Amino acid sequence: MNVLLCYINTLNRFYDISAVEVGQHFYWQIGDFQVHAQVLITSWVVIAILLISTILVVRNPQTIPTSCQNFFEYVLEFIRDVSKTQIGEEYGPWVPFIGTLFLFIFVSNWSGALLPWEIIKLPHGELAAPTNYINTTVALALLTSVAYFYAGISKKGLAYFGKYIQPTPILLPINILEDFTKPLSLSFRLFGNILADELVVIVLVSLVPLVVPIPVMFLGLFTSGIQALSFATLVAAYIGESMEGHH
């Protein structure tokens with residue numbers, strides 16, 4: 001019961017965080033709900049890029065892979081290696097989930113750096129990478145939290161919650177706090193890194209000629225990939241830890 005109450009309180013905190021607003025936003029009214037249109041538009045663009053590229057590759061697979069098919073097979077093998085390293089031999093069912101997170105964050109970060117979102121004018125606010133919005137990073141962190149508990153409970157049942165009183169019941173509050181701060185740290189780590197990278201580029205562009213910030217922008221592309229890899233690796237590590245039942 002204490003674990004359930006703690007989880008509900010954590011969800012409430014995430015809801016409060018998602019309500020934080022900086023600057024102006026473009027809203028859509030969908031029924032009784034008011035949503036940030038920028039997040040939906042840019043997320044749909046990223047999802048469309050992933051779907052179209054995947055369909056083009058898998059619609060006619062070759063025994064001897066072409067350059068595009070070879071690239072996608074390399075990406076899949078890379079994601080499988082990350083999952084297997086962090087989760088262990090039972091990594092198979094989690095490859096789609098971890099791969100989806102990795103590719104969504106990777107393409108989102110790169111879209112923010114490469115796509116000219118500024119040319120699309122909105123009544124309020126402006127378009128940017130989906131990961132630039134804390135709502136997106138909080139949603140990804142909540143998905144991770146759900147997957148973390150699902151992995152542990154599906155393997156061990158209610159016995160999974162016994163880990164909270166190990167090695168001694170005195171550590172119960174600390175063990176609970178540790179589990180529910182993991183998604184919070186994931187969310188702020190991703191959001192903070194993306195925001196800091198963009199702020200550095202904006203400041204350099206405003207202070208010095210354009211030729212100087214260009215190398216920094218290329219460095220931002222590299223760090224964007226690292227951030228996606230870090231997020232996916234941590235998610236896989238948390239799921240593996242949940243299934244093993246130890247800290």
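A residue counts as buried when its relative accessible area is under 20%, and as exposed when that area is over 50%, with partly exposed in between.

**Figure 1. The whole chain, shown as a predicted model.** The chain has seven helices and two strands, and from the N terminus on these elements follow the order α-β-β-α-α-α-α-α-α. Of its 247 residues, 36% count as buried. Among the contacts in the chain with a separation of 6 or more, 68% are accounted for by residues 24 or more positions apart.

**Figure 2. Stretches that the UniProt record marks as "transmembrane region".** The unreviewed UniProt entry places this feature at residues 35-58, 94-113, 133-153 and 190-212, and two of these stretches are described here. Over residues 35-58 the chain is 92% helix and 8% strand, with end C-alpha atoms that lie 34 Å apart. Over residues 133-153 the chain is 95% helix and 0% strand, and here the end C-alpha atoms are 31 Å apart.

**Figure 3. Helix H3, residues 67-87, and its two sides.** The 21 residues of H3 should span 30 Å at 1.5 Å a residue, and the end C-alpha atoms are indeed 30 Å apart, so the model agrees with the expected span. The buried residues of this helix are Gln69, Val75, Ile79, Val82, Ser83 and Ile87. Because these residues cover an arc of only 150 degrees around the axis, they are on the same side of H3. An α-helix has 3.6 residues a turn, so residues three or four places apart point the same way. On the other side of H3, Ser67, Tyr74 and Thr85 are exposed. Just after the helix comes Gly88, which takes a positive phi of about 105 degrees.

**Figure 4. A closer view of Gln69 in helix H3.** Gln69 has a relative accessibility of 7%, and therefore counts as buried, since the cut-off for a buried residue is under 20%. When residues up to four places away in sequence are not counted, Gln69 touches Val57, Asn60, Pro61 and Gln62.

**Figure 5. Helix H4, residues 95-114, and its pairing with helix H5, residues 134-156.** The 20 residues of H4 should span 28 Å at 1.5 Å a residue, and its end C-alpha atoms are 27 Å apart, which agrees. The buried residues of H4 include Val95, Ile98, Gly99, Leu101, Phe102, Phe104 and Ile105, and Val107, Ser108, Asn109, Ser111 and Gly112 are buried in H4 as well. The axes of H4 and H5 come within 12 Å and cross at roughly 170 degrees, and the two helices are therefore roughly antiparallel to each other. Their contact is made by Phe97, Leu101, Phe104 and Ile105 of H4, together with Thr136, Leu140, Leu143, Thr144 and Ala147 of H5.

**Figure 6. Ala129 in the loop between H4 and H5.** Ala129 is buried, with a relative accessible area of 1%. Its C-alpha atom is separated by 9.0 Å from that of Val107, although these two residues are 22 residues apart along the chain.

**Figure 7. Helix H5, with Asn135 and Val146.** H5 has 23 residues and reaches 33 Å from its first C-alpha to its last, close to the 33 Å expected at 1.5 Å a residue. Asn135 counts as partly exposed, because its relative accessibility is 23%. The C-alpha atoms of Asn135 and Val39 are separated by 8.1 Å, while the two residues are 96 residues apart along the chain. Val146 is also partly exposed, with a relative accessible area of 47%. Val146 and Pro183 are 37 residues apart in sequence, and in space they are 9.6 Å apart, C-alpha to C-alpha. H5 is followed by Gly157, whose phi is positive, near 70 degrees.

**Figure 8. Asn175 in helix H6, residues 172-207.** Asn175 has a relative accessibility of 6%, and therefore counts as buried. Asn175 and Ile165 are 10 residues apart in sequence, and the distance between them in space is 7.8 Å, C-alpha to C-alpha.

Terms used:
Residues are numbered from 1 along each chain as its sequence is written. This is a predicted model: local features need pLDDT of at least 70, side-chain atom pairs count only at pLDDT 80 or more; totals for chains, interfaces and linings use all residues. Side-chain values use heavy atoms; hydrogens and water are left out. Helices (H or I, at least four residues) and strands (E, at least two) are DSSP runs, numbered from the N terminus. The expected span of a helix is 1.5 Å times one less than its number of residues. Buried means under 20% relative accessible area, exposed over 50%, partly exposed in between (1.4 Å probe, protein chains only). The arc is that of the directions from the helix axis to the C-beta atoms. UniProt positions are given in the numbering used here, feature names are shortened, and annotations may be inferred rather than shown by experiment. Axes are lines fitted to C-alpha atoms, for helices over the stretch in contact, and angles run from 0 to 180 degrees between N-to-C directions. Angles under 35 degrees count as roughly parallel, over 145 as roughly antiparallel, 65 to 115 as roughly perpendicular and the rest as oblique. Contact means heavy atoms within 4.5 Å.
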